[in-house]
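Work through these exercises with the model open beside you. Try each task before reading its solution.

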Amino acid sequence: MKLSPVFLLVFLAICGTVSAQQVPDFQFDPKISNPLYTNQNGPVVVVDEAHHNFHIIKSRYNAFAKVLTLDGYRVKPGTRLFSAESLSGVKILVIANALNAANENEWSKPTPSAFTPDEIEAVNKWVKEGGSLFLIADHMPFPGANEALAATFGFKLYNGFATDTTAAPFPGSKKGPDIFKKSDASLASHVITNGKSKAESIDHLATFTGQGFEIPGKAVSLITFNDKYKIFLPDTAWKFNEATPRLPIKGFSQGAVLNYYKGKVAVFGEAAMFSSQVTGKDRVPMGLSHPEAGQNVQFLLNLIHWLD
């Protein structure tokens, strides 16, 4: 298929954008003034690092861990495969962009599961018995690696890139984040977004590309796509052309929560919204430090408090 000159320019611009190195912003200061727990005596939060995760505490999720630690949680890296033994004593399990070893350096299909069947069974049982799972699977290839785990809770992930096609023709070509607001119902009114006080109330959130997914009947979508969005389904991450399959995702979610037996599940299709990173030589802020993401820190706290 012959590509138009306009498309080629857009595609080259996208490649230049996504190839710019994303590095953690270790200087990010969330300024938590009223921590929920004092002296770091809160519940144990484990951030998975045993599955080739793209986001871990010492790098891209340094800011994530900093927010929770300042709120009094005991945040620890998870270095073991999932089992009843490794999950014992854990209150909240965070899995951020886990991958199968085959895709650690090759973001192309196929994208096999990051977890063994035994691990998936162990996590599901742990949640049933009262654990809280915070599962984050960003754009392709991460949905493919996490879909089997998400499916056990009734979520259907899509291994692609969610894009507001009225603002940008292809993923990565839009300047700035996507904004979801209560005023247009793209951000739900819920105990998590309403908070326990006016200071904790969230009226908008910023996300940075990611994917969209379908939720089970008992789940609640906190972030919901409108009819402007489509999901692109390439064979290789960040490689798009005019023939790349895409589908409308009006009504799909990018963040949802579910009460599951005695436990709780939060599934999010975007990871950068909970990070703080900078990109390119100009150190453009991304994630929690972005000027339009001013309420993302409080949202993260509200979400963790709900999972607690």
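**Exercise 1. The end of a helix**

Which residue with a positive phi follows α2?

Solution. This is a predicted model. Go to the end of α2, residues 62-70. The residue to find is G72, with a phi near 100 degrees.

**Exercise 2. What surrounds α2**

Find which residues of α2 are buried and what covers them.

Solution. Step one: list the buried positions. They are N62, A63, F64, A65, V67 and L68. Step two: look for the cover. It includes the strands β2 (44-48), β3 (74-78), β4 (92-96) and β5 (132-136). β16 and α7 are also among the covering elements.

**Exercise 3. Two packed helices**

Describe how α2 packs with α7.

Solution. Two numbers describe such a pair: the angle between the axes and the distance between them. Here the partner is α7, residues 296-307. The angle is about 60 degrees, and the axes lie 11 Å apart. The crossing of α2 and α7 is right-handed. Now name the contact residues. α2 supplies F64, V67 and L68. α7 supplies V297, L300, L301 and I304. Compare with Exercise 2: F64, V67 and L68 are buried.

**Exercise 4. A strand covered on both faces**

Which residues of β16 lie on each side, and are they buried or exposed?

Solution. In a regular strand, side chains alternate between the two faces of the sheet. β16 spans residues 276-279. S276 and V278 lie on one side, Q277 and T279 on the other. All four are buried, and both faces of β16 are covered.

Next, find the partners. β1 (residues 22-24) pairs with β16 in the antiparallel sense over three bridges. P24 of β1 stands opposite Q277. β17 (residues 284-287) also runs antiparallel to β16, joined by four bridges. There, T279 has V284 as its bridge partner. Finish with the hairpin of β16 and β17. Four residues sit between the strands, and G280 has a positive phi near 70 degrees.

**Exercise 5. An open sheet**

In what order do the strands of the sheet that holds β7, β12 and β13 stand?

Solution. The order is β7-β12-β13, with antiparallel pairing. β7 (161-164) and β13 (246-248) each have a single partner strand, so one side of each is left without a neighbour in the sheet. The twist averages 30 degrees from one strand to the next. Now look at one pair. Four bridges join β7 to β12, residues 229-232. A162 stands opposite I231 of β12.

**Exercise 6. A charged residue inside**

How far is E119 from the nearest side chain of opposite charge?

Solution. Locate E119 in helix α4, residues 117-128. E119 is buried. The nearest side chain of opposite charge is R80, 10 Å away. A salt bridge needs the charged atoms within 4 Å. E119 has none. Last, list the contacts beyond four places in sequence: H51, L81, F82 and A114.

**Exercise 7. A buried alanine**

Why does A206 count as buried?

Solution. The cut-off is under 20% relative accessible area. A206 has 0% relative accessibility, so A206 counts as buried. A206 belongs to strand β9, residues 204-207. Leave out residues up to four places away in sequence, and A206 touches P177, D178, I179, M273, E292, A293 and N296. Finally, compare sequence and space. A206 and S186 are 20 residues apart in sequence and 11 Å apart from C-alpha to C-alpha.

Methods:
Residues are numbered from 1 along each chain as its sequence is written. This is a predicted model: local features need pLDDT of at least 70, side-chain atom pairs count only at pLDDT 80 or more; totals for chains, interfaces and linings use all residues. Side-chain values use heavy atoms; hydrogens and water are left out. Buried means under 20% relative accessible area, exposed over 50%, partly exposed in between (1.4 Å probe, protein chains only). Lys and Arg count as positive and Asp and Glu as negative; His and the chain ends are not counted. Contact means heavy atoms within 4.5 Å. Two strands pair if DSSP finds at least two bridges between them. Axes are lines fitted to C-alpha atoms, for helices over the stretch in contact, and angles run from 0 to 180 degrees between N-to-C directions. A crossing is left-handed if the near helix is turned anticlockwise from the far one by less than a right angle, and right-handed if clockwise.
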